[in-house]
Amino acid sequence: MTKRYGPTLALDRLSFQAHPGRVTGFLGPNGAGKSTTLRVIVGLHGPTSGVALVNGRRYAEISRPLYEVGALLDAGAVHPGRTAFKQLACLARSHRIGTSRVKTLLEQVGLQDVAHKRIGGFSLGMRQRLGIAAALLGDPGVVLLDEPVNGLDAEGIHWVRGLMRTLASEGRTVLLSSHLMSEMALTVDHVLIIGRGRLIAESSMEDLAKRFRRDILVRSPMHVELGGVLRAAGMSVSSEPRGGLVVTGSDTATIGDLAAERRIPIHELTQRSATLEDVYLEMTDEAADYRAGGRRSL
Ligand SMILES: Nc1ncnc2c1ncn2[C@@H]1O[C@H](COP(=O)(O)OP(=O)(O)OP(=O)(O)O)[C@@H](O)[C@H]1O
């Protein structure tokens, strides 16, 4: 898809797929085009060129969309004078969904006690929960969530993560956007990294973690002997200020086995990786366009 807003190129030939049964994370700095993509998918904005399909169809062609795709796009965009129950009930009625489903969902998102309070008095976190309930009203197979942990407290973040994992394990397609690397590392199976409307990288979280393995930290009361053994085995070994050894050119199993053979006790053996922040900066640095404009803050 390509999307222009006047002179702004918000999406630049962006192309990707999100698959059922996994949580796909859409990661990029502010202004990268995440919200625009989700808005184009649900037909709120038309693409300048290209197409977004949900289960092979454009959103506008889906007759009862709530049953097929649920979206949390802007938790603030709700009628402040309505109660949470009324808000969901109106939406439910438009799709002939009964009020018992509304009650169930209010419980599921933890809003049962404030169900009959006006949304105007809700915190951002409560609005996010209400938005998630609205997205799930029709029990859709595809769930799109724009920055779902915004405004949530630690308990709320934990709850959203669990919910997304459950939705994916039920075979649903979950696509969430975030500008927080830490969020991605803990939540998603597959990550799409975007910058300036372009797809910069796409990877499983597992591969990303492997690609950015850095070194191994080993601690042993016999670190001098162990250092000698590891060097003799062709590894590159340096000393850490607090008495540990930093090893590259091998893996934890080989180091553990060598130490066991020599009866050298090991107190710690840790595979260390670059943080997702480092990965992100490295990848965006690799994209020439990004470098030309300098880094954006995350
Ligand atoms: N309705 C609009 N009119 C004009 N420009 C827009 C509009 N919506 C988005 N843009 C511009 O398109 C680009 C992509 O914005 P978008 O909101 O999709 O990014 P984002 O990755 O979701 O960022 P954020 O995390 O800040 O929401 C930005 O340059 C933004 O200013």
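## A helix to start with

A good place to begin is helix α2, whose buried residues are A84, Q87, L88, A89 and A92. The cover over these buried residues includes α3 and α4. Please keep in mind as you look around that this is a predicted model.

A general point about helices helps here. An α-helix has 3.6 residues a turn, so residues three or four places apart point the same way.

## How α2 meets α4

Now turn to the partner helix, α4, which covers residues 124–136. At what angle do α2 and α4 pack? The angle is about 20°, and the two axes are 10 Å apart. Angles under 35 degrees count as roughly parallel, so α2 is roughly parallel to α4. The crossing of the two helices is right-handed.

Which residues make this contact? From α2 come A84, Q87, L88 and L91, and they meet L130, A133 and A134 of α4. Sorted by class, the residues of this contact are six nonpolar, one polar and no charged. Three of the α2 residues in the contact, A84, Q87 and L88, are also among the buried residues of that helix.

## Just past the end of α2

Following the chain onward, you come to R96, in the loop between α2 (84–94) and α3 (99–108). Here, just after α2, R96 takes a positive phi of about 55°.

Is R96 buried or exposed? R96 is exposed, because 8 other C-beta atoms lie within 10 Å, and a residue with 12 or fewer counts as exposed. R96 also has a distant neighbour in the sequence to look at: R64 is 32 residues away along the chain, and the two are 9.9 Å apart in space, C-alpha to C-alpha.

## Two more loops with a positive phi

D139 sits in the loop between α4 and β5 (142–146). The phi of D139 is near 55°, a positive value in a residue other than glycine. D139 counts as partly exposed because it has 14 C-beta neighbours inside 10 Å.

R196 belongs to the loop between β7 (190–195) and β8 (198–204). Its phi, near 50°, is again positive in a residue other than glycine. How does R196 count, buried or exposed? With 20 C-beta neighbours inside 10 Å, R196 counts as buried, since 20 or more is the cut-off for that class.

## Around the ligand

The model also holds a ligand, and the residues surrounding the ligand are Y5, T8, A10, G28, N30, G31, A32, G33, K34, S35, T36 and H179. By class, this shell has three nonpolar, eight polar and one charged residues.

Which elements supply at least two residues each to the shell? They are β2 (8–11) and α1 (34–41). The largest share, three residues, comes from α1.

## Stepping back to the whole chain

Finally, here is the overall picture. The chain has 11 helices and 12 strands, and its C-alpha atoms fill a box of roughly 75 × 45 × 35 Å, taken along the principal axes. Of its 298 residues, 36% count as buried. Among contacts between residues at least 6 apart in sequence, 69% join residues at least 24 apart.

Definitions and conventions:
Residues numbered from 1 in each chain as written. Predicted model: local features only at pLDDT ≥ 70, side-chain atom pairs only at ≥ 80, totals over all residues. Near = placed C-beta within 6 Å. Helix = DSSP H or I, 4+ residues; strand = E, 2+ residues; numbered from the N terminus. Nonpolar A, V, L, I, M, F, W, Y, C, P; charged D, E, K, R; others polar. Axes fitted to C-alpha atoms, helices over the stretch in contact; angles between N-to-C directions. Parallel < 35°, antiparallel > 145°, perpendicular 65-115°, else oblique. Left-handed = near helix turned anticlockwise from the far one by under 90°. Contact = placed C-beta atoms within 7 Å.
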